[in-house]
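Welcome, and thanks for taking a look. Please open the sequence and the structure side by side, and keep both at hand while you read.

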Amino acid sequence: MEAMEDDSSEVKDDHNHNYCGGKVRAALSSQVPDGVGVPEPVCPTVPGAEPAKRQAKPWSGSPRTVSELMDSDTGSESSEVSEPDCSAASAEDKFRLDSTSKFLLNAMAVEDYRKNHWPNLEEAIDRLLIQNLSDHISVSYAQIYGYVYKCVCQQHSELLYRDLTCKITAHLQQVSTQLQASPTENLIENFNIALTQYLASLQCIVPVFIYLNKFYIESKLNRDLKEDLMKLFADHVAEEHLSKLMPLLIKAHSMPFQVQPSTMASVVKGLHSLRPEWAQLAPALFSSFIPQIHPPAVESQLPDYADRDRKLQMELSMNGFPRGDQSRKRASEDS
């Protein structure tokens with residue numbers, strides 16, 4: 001028993017419980033076949049300190065062979081926790097970070113558009129829409145074009161187009177409301193003022209938005225900015241008042257000079273430019289100001305055309321429009 005205690009006092013082990021001691025090595029050497037060396041176990045020690053000692057249990061049973069010791073080492077190593085593979089997780093985290101950063105950048109860009117670009121454009125559009133033909137409004141077209149250019153380059157074309165159309169639509173709804181409150185006898189004149197002012201505004205708005213028109217409306221929507229804005233006037237103003245406006249125009253056309261000829265011509269031509277099919281509502285009215293409203297002349301209907309001209313001359317003569325001095329007319333032209 002005393003000899004066993006002496007042996008156990010010399011036994012030391014490392015972190016894998018590989019017992020180190022001279023007598024143990026001697027016992028292992030006696031079990032190993034000749035020619036096979038016993039590996040020296042590593043017993044790490046802390047620098048400047050005494051090797052750690054461990055009280056070992058009394059040795060019992062037959063000594064283990066080298067293969068059994070190696071199996072025990074393998075088992076202890078496999079019991080250690082392996083590090084998880086973080087490559088997939090890191091890739092997913094990176095994708096989330098990239099998506100979040102792109103969303104934040106886009107949100108910042110939209111916020112910059114709302115705060116810095118659109119307010120300046122909206123103010124300029126307001127001034128162009130409400131201007132009078134006789135007023136001189138100082139507007140920097142180069143600055144407006146620069147704002148439009150930046151918005152298109154920053155991928156805000158769709159947003160800019162929607163804001164532009166919504167802004168003009170709201171203005172046209174106000175114009176329509178004002179025309180509804182207009183007296184019936186002044187509706188033709190007021191409609192002509194609204195149409196003329198809007199067309200003059202388009203002559204300024206469309207050129208400064210040419211970059212938006214070229215790289216978004218024409219290329220992606222397959223439309224034209226001026227046509228879209230003219231359609232807005234037709235939908236929200238002209239069509240709303242057409243049922244009242246057309247009878248007034250027909251009546252004014254039958255009574256010369258009840259309305260200024262220039263005003264009549266402007267309104268009729270404007271309605272035709274908005275919707276050419278509206279000419280079929282009053283062909284006689286539109287044909288007086290726009291050519292080729294009626295179908296082409298047919299030779300078989302020449303007598304009818306002559307009768308119409310004769311009736312027109314008689315109506316003009318009865319309304320105070322004489323044919324003039326006929327004394328200098330040549331004899332060969334007497335009818």
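The report below covers one helix and its surroundings, and then turns to salt bridges.

## The model

A quick word before we start: this is a predicted model.

## Helix H10 and what covers it

Let us begin with helix H10, which runs over residues 261–274. At 1.5 Å a residue, its 14 residues should span 20 Å, and the end C-alpha atoms are indeed 20 Å apart, so expectation and model agree.

Which residues of H10 are buried? They are Thr263, Met264, Ala265, Val267, Val268, Gly270, Leu271 and Leu274. The cover over these buried residues includes helix H7 (187–208), helix H9 (225–254) and helix H11 (283–287). Helix H9 will come up again below, as it carries the pair Lys231 and Asp235.

## Salt bridges within helices

Side chains of opposite charge can pair when their charged atoms come close. With a salt bridge taken as a side-chain nitrogen of Lys or Arg within 4 Å of a carboxyl oxygen of Asp or Glu, the count comes to nine. Here are some of them, grouped by helix.

In helix H4 (residues 87–129), Glu111 and Lys115 sit four residues apart, so about one helical turn separates them. Their side chains meet in a salt bridge, with N to O at 2.8 Å. Buried or exposed: how does Lys115 count? Lys115 is exposed, because its relative accessibility of 56% is over the 50% cut-off. Glu111, at 40%, is partly exposed.

## From helix H9 to helix H12

Helix H9 holds both Lys231 and Asp235, four residues apart, or about one turn of the helix. The closest N and O atoms of their salt bridge are 2.8 Å apart. Lys231 is partly exposed at 48% relative accessibility, and Asp235 is also partly exposed, at 23%.

Helix H12 (residues 302–318) offers another pair, Asp307 and Arg310, which are three residues apart and therefore separated by about one helical turn. The two form a salt bridge whose closest N and O atoms lie 2.9 Å apart. Asp307 has a relative accessible area of 36% and is partly exposed; Arg310 is partly exposed as well, with 47%.

## A shared network

Which residues are joined into one network by salt bridges that share partners? Lys231, Asp235, Glu239 and Arg275 are. The Lys231 and Asp235 pair of helix H9 is thus a good place to start when you trace this network on screen.

Terms used. Residues numbered from 1 in each chain as written. Predicted model: local features only at pLDDT ≥ 70, side-chain atom pairs only at ≥ 80, totals over all residues. Heavy atoms only, no water. Helix = DSSP H or I, 4+ residues; strand = E, 2+ residues; numbered from the N terminus. Expected span 1.5 Å × (residues − 1). Buried < 20%, exposed > 50% of the residue type's maximum accessible area, 1.4 Å probe, protein only. Contact = heavy atoms within 4.5 Å.
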